[in-house]
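Reader: I'm new to this structure. Could you walk me through the words used to describe it?
Author: Gladly, let's take a look together.

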Amino acid sequence: FFIVAILGTIFTFLGTSLTNPATGEIVMSKNFFSKEGLLWFLDNMVKNFTGFAPLGLVLTMTIGTGICEEAGMLNSLLRSSMKNVPAALVPYVCVLIGIIGNLASDAASVMVPPLAAMAFMGVGKHPVAGMICGYIGAQVGYAANPVISGTDTLLMGITNDTLASFMGDSAFTVDVTCNWIFKIASTVLCVVVIGILVQKIVEPRFGVYHGELEKMEDLTPSEKKGLRASGISTLVYVACLLVLFFTGVIAAEDGGLIGSPFLKGLIPIIFLLFVIAGVSYGYASGNFKGLVDIHKAIVKQMAAMGTYVGFCFFCGQFQGLFNWTKLGTLLAIGGADFLENVGFTGIPLCVAFILLCSFVNIFVSSGSAKWAIFAPIFVPMFMLLGYHPGFTQLCYRIGDSPFNCWTPMSAYIWMILSVAQTKYVPNLKIGTLIANMIPMSIVLQIAWIIFLVIWMLLGIPFGPGVGIYLPAGVM
């Protein structure tokens, strides 16, 4: 925040100004350390916080997934999915479960690795190799998931905040589904690549496990009953959605999906899905006795979001000041002009941006924190070069995810180390974990970039109505 304030002051005294090609207006930097800056801060400090779009979106999704987690549904679902899997398929299944488990965001990094360790032991494989496998799956799940997750809502909110600042009152926004099609395909890519790498690199390095074997507990009758109830209620809910869509209630005017109330209201739809599934499981399994238990589950999950709320307060102030000083717009216009003049556009530009995100990810593990800094610069810059903001967001996610698994700045890799030392290999060091993860993340990054380039050349949409380039007439 203060770095932006100081830079704004310097550029103001230098008289820096550029013409915004989107609006034709002259853009000039503003000085925070002035009467105008003080009045802006007094008028907008609370608005910067409460108006920070990801705040409400993520807290809403946390309530939904939190009910499922506190009811015990997620744990039972993971154990059920990993039970009795053939040995050759265990790595692939653990990666897939880690990716889908990312629906619960960071909770997947805590829940999946220990279960993956038990799944590996059950077929005679080393448990630490299983922990690495499950952990990488949970980490790449931020950019690869067949289901819309909390990360989609978080990044979408930051992207739309940037669009509102850059485009003014324009109604142009991105939906939560702007990367969905590519995410589904990326799920297959990540499962195959990581599964093969675990088998070829990680498992041979750890060899045979000679410690005490730990078995994954079978589901109890009450847990099985809960999963049945959850499954039935989910099917009924999906059936109701299909009826509403095909009768035109939540379909677009032409009866299609793009621009429909279904897509625009996908967050509350997914929220209700989690609530219905979680509550059904809780009551059927006996973990929920009444509304008081549901309330306690919500409170417990929200209590763990204190760090995130604190982040949103300061991120909201930073983003608000960044927009007010016009630094983001100035950087975007200047950067776009430079790239256009040197001819550095197209695929080379996208690859360079992905690699930049990968490098920064080593030092800043929070994906939302990085996008809050990158979005105000790169979304307008790429738009001025003709690229869709949903595509820019996708490039960021591809660069952000693969290196998540081994950066020492992440608290979860230290948790993995602690659990592995306590239960399986007492003398295990952090270097051993990182040394096994680095080659996999590099290979995955290369494979993902190649996959993106092929996707771009084929012209396949990245999400409903979202391609590489902006729709006509937006700028």
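Reader: Why is D152 called buried?
Author: Buried means under 20% relative accessible area, exposed over 50%, and partly exposed in between (1.4 Å probe, protein chains only). D152 has 2% relative accessibility, so D152 counts as buried. A word on the source: this is a predicted model, where local features need pLDDT of at least 70, side-chain atom pairs count only at pLDDT 80 or more, and totals for chains, interfaces and linings use all residues. Residues are numbered from 1 along each chain as its sequence is written, and side-chain values use heavy atoms, with hydrogens and water left out.

Reader: How do you know that D152 forms a salt bridge with K183?
Author: A salt bridge needs a side-chain nitrogen of Lys or Arg within 4 Å of a carboxyl oxygen of Asp or Glu. The closest N and O atoms of D152 and K183 are 2.5 Å apart, so the pair fits that rule. The two residues link distant parts of the chain, with D152 in helix α8 and K183 in helix α9 (residues 180-206). Helices here are DSSP runs (H or I, at least four residues), as are strands (E, at least two), numbered from the N terminus. K183 is at 0% relative accessibility, so K183 is buried too.

Reader: What makes D152, K183 and R397 one network?
Author: R397 also forms a salt bridge with D152, with the closest N and O atoms 2.8 Å apart. Salt bridges that share partners join D152, K183 and R397.

Reader: Why is K300 called exposed, and why is E70 called partly exposed?
Author: K300 has a relative accessible area of 55%, so K300 is exposed. E70 is at 25%, so E70 counts as partly exposed. Their side chains meet in a salt bridge at 3.5 Å, N to O. E70 lies in helix α3 (residues 53-71) and K300 in helix α13 (residues 291-303), so the pair ties together parts that are 230 residues apart in sequence.

Reader: What makes F33 partly exposed, and where is F33 placed?
Author: F33 is at 47% relative accessibility, so F33 counts as partly exposed. The residue sits in the loop between β2 (26-28) and α2 (35-50).

Reader: How many salt bridges does the rule give?
Author: The count comes to 5 salt bridges. Side chains of opposite charge can pair when their charged atoms come close.
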